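Where does this protein leave room, and what holds its ligands? The report below takes the pocket, the cavity and the two ligand sites in turn.

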Amino acid sequence: MADPGGEQRAALLVAASLFPVPDGVHFSYGTAGFRAEGSTMAPAVCRAGIVAALRSVKLGGAAVGMVITASHNPVDDNGVKIVDADGGMMSRAWEPFSDALANAPTPDALLQLVLQFAKDEGITLGEGHSAQVFLARDTRPTGEYLLDVATKGINAIVDSVALDMGILTTPQLHWMVRNKNRGLKSSEVDYFTQITESFRHLLELIPDDKGSDKPIEKLIVDGANGIGGLKLEEIKPKLASLDIVVRNSGKEGEGILNERCGADFVQKEKVHPAGFGPNDVGVRCASFDGDADRLVYFRIASPSSTMIDLVDGDKILSLFVLFIREQLDIVNEKDSEDNKVLPTRFGVVQTAYANGASTEFLKNLGLKVVFTSTGVKYLHKKALEYDIGIYFEANGHGTVLFTDEFVSRLESLTSEFSSKAAGSTQHEAALRLLATTQLINQAVGDALSGMLLVEAILQHKGWSLQNWSDLYTDLPSKQLKVKVKDRTSIVTTDAERKVFQPSGLQELIDREVGNYSQGRCFVRPSGTEDVVRVYAEASTVEAADSLAKSVAQLVERILG
Ligand SMILES: CC(=O)N[C@H]1[C@@H](OP(=O)(O)O)O[C@H](CO)[C@@H](O)[C@@H]1O
Ligand SMILES: [Mg+2]
């Protein structure tokens, strides 16, 4: 490459020496970016800033994002995730470079890495390029400091602009980056307007003979003491058609971020979050995680127990699938199978953690369900292959993606209907689909926008949480973590559902599974923790527990 010049070299050397990597520390850009105890994150965050700015230069100055968050992890942790110009996760092709840069042992090593990478990628530095990086953080105490560190990293690429968007949910920043690069309105106010207006529109489109005439029942939202609750409080006045109470709202003094609350806690422990109790029995409740990109629903079953009936990501996916399919069927009602006005390739994407009963339910609807490895970046990429691609992780992260081509077909169809058949059922169904494309965050899973879509669909169908929950009954499942010497010695295949190495382990797992009715079990190394995860499903709680336990013992025995 052309020599970037002394100013650029000096800027990189200064940034690297400001935040050296301590001996013995190793950062790894995992499924959720870099994550560690917040006070140790500065070297990784600064260098992620350099990566983000380089990414923007590479993409001709398109906006790229950085979010300072550790999601559902404890309040003292923090992390950083890079958002690509399309609003999704950073291209996986850049992860090895991000890893190498975060761990560069000396300023000179860092400089050499950048120079080499810029050369390999054809990035020309120091020649009047432009780069812009949108920054956001969640409510963690180390957030402000790390945002400043990130800015220093971004500024180490000369002529880059770091734009602080403030304290936001992770999906808000993804949405802003996506919209900005599409030349669309991209401020936080625009985000709120879009989701609240499209929600209102969906409610207006509920046919008079549909929905329930009962008053809307209260919804209690667990904000995980994070940013999602604060944002929900902000838009509550615009959601007059909902009776929302926010608990663990993130307001000063209400509780500690993610501590015994939030979507991750609720989904994994299957008990109600802190701040909920016997008075809430039977009420429809939702839970966000700390950065509001996960959503689950639940209901406290009895005053004498902390146990809940969980409505997880798989059931949210099933509800969305039913609604969207119903609208598509109405739009296409008068057409023969091979001559539809709105032919649609509809794809449903899950991971191995999806409850087997949900997959069965979706297959019984005649849908093809495809599986990917764990992690949003895999699911999202797969879902992009369809006109409408819908994905969810059981833990509540997911969304619905519509191709631009599909949205423009839908737009022309709605204008055609409005001139020829205004107010017809077909016209209204097409408008509902269009409002859905506006409401759901197409950059990434979003608890706020996902919750509004759930609420709109429940009202449309006149359904209670019970009706929704009754779609199918989850198979009992159990997850365990096993600490081993080297988790990477497990290599999986078939979307992580089978062990490939060490050889022989899969056969032993199969033999165990064979002992259980409706048994299913898989093991995989976590991408975010130093553990091997074991997941088991069977026809009873005891059987699922026992299968998980036996397989965990196998893993321990073989991998130590
Ligand atoms: C079983 C489980 O919940 N795994 C989570 C967890 O990944 P692991 O690779 O399992 O540690 O964190 C990911 C990032 O948040 C999330 O995408 C994924 O679903
Ligand atoms: Mg999260």
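By class, six nonpolar, eight polar and six charged residues line the second largest pocket. The model is predicted. This pocket holds about 430 Å³ of space. Its lining has 20 residues, and those nearest the centre are Arg178, Leu184, Gln194, Thr437 and Gln438. Four elements each give two or more residues to that lining: α6 (170-181), α7 (188-204), α13 (404-420) and α14 (425-439). Which element gives the most? It is α13, with four residues.

Next, the enclosed space. The count of cavities of 30 Å³ or more comes to one. The largest cavity has a volume of about 50 Å³. Tyr29, Gly30, Thr31 and Gly33 are among its lining residues. So are Lys81, Met89, Met90, Glu95 and Lys377. The classes are evenly split here, with three nonpolar, three polar and three charged residues. For spaces of this kind, the general idea is simple: rolling a probe the size of a water molecule over the atoms shows where empty space is left.

Now the metal. Which residues coordinate the magnesium ion (ligand 2)? The donors are Ser71 through OG, and Asp289, Asp291 and Asp293 through OD. They sit at 2.0 to 2.2 Å from the ion. Their spacing in sequence reads S-x217-D-x1-D-x1-D. Ser71 lies in the loop between β2 (63-68) and β3 (77-83), and Asp293 in the loop between β8 (284-288) and β9 (295-300), so the pair ties together parts that are 222 residues apart in sequence. Are these two residues buried or exposed? Both Ser71 and Asp293 are buried.

Ligand 1 comes last. It is surrounded by 13 residues. The closest are Glu393, Ser526, Gly527, Thr528 and Arg533. Oxygen atoms of ligand 1 also pair with N or O atoms in side chains, including those tabulated here.

| Side chain | Distance from its N or O atom to an oxygen atom of ligand 1 |
|---|---|
| Lys268 | 3.4 Å |
| Glu393 | 2.8 Å |
| Arg524 | 2.8 Å |

Glu393 thus appears twice: it is one of the closest residues to ligand 1, and its side chain has an N or O atom 2.8 Å from a ligand oxygen. Arg524 has a side-chain N or O atom at 2.8 Å from an oxygen atom of ligand 1, and for Lys268 the value is 3.4 Å.

How values were computed. Residues are numbered from 1 along each chain as its sequence is written. Chains are lettered from A and ligands numbered from 1 in the order in which they are written. This is a predicted model: local features need pLDDT of at least 70, side-chain atom pairs count only at pLDDT 80 or more; totals for chains, interfaces and linings use all residues. Side-chain values use heavy atoms; hydrogens and water are left out. Donors are N, O and S atoms within 2.8 Å of the metal (3.2 Å for Na, K and Ca); water is not among the atoms, so sites may look incomplete. Buried means under 20% relative accessible area, exposed over 50%, partly exposed in between (1.4 Å probe, protein chains only). On a 1 Å grid over the protein atoms alone, a cavity is a set of points where a 1.4 Å probe fits but cannot get out, and a pocket is an open set with protein on both sides within 12 Å along at least five of seven lines; lining residues have an atom within 4 Å of a point. Grid points are joined across faces, edges and corners, and a volume is the space filled by probe spheres set on the points. Ala, Val, Leu, Ile, Met, Phe, Trp, Tyr, Cys and Pro count as nonpolar, Asp, Glu, Lys and Arg as charged, and the others, Gly among them, as polar. A residue is near a molecule or strand if one of its heavy atoms lies within 4 Å of it. A polar contact is a pair of N or O atoms within 3.5 Å; within protein, one must be able to donate a hydrogen and the other to accept it, and residues adjacent in sequence count only if both atoms are side-chain atoms.
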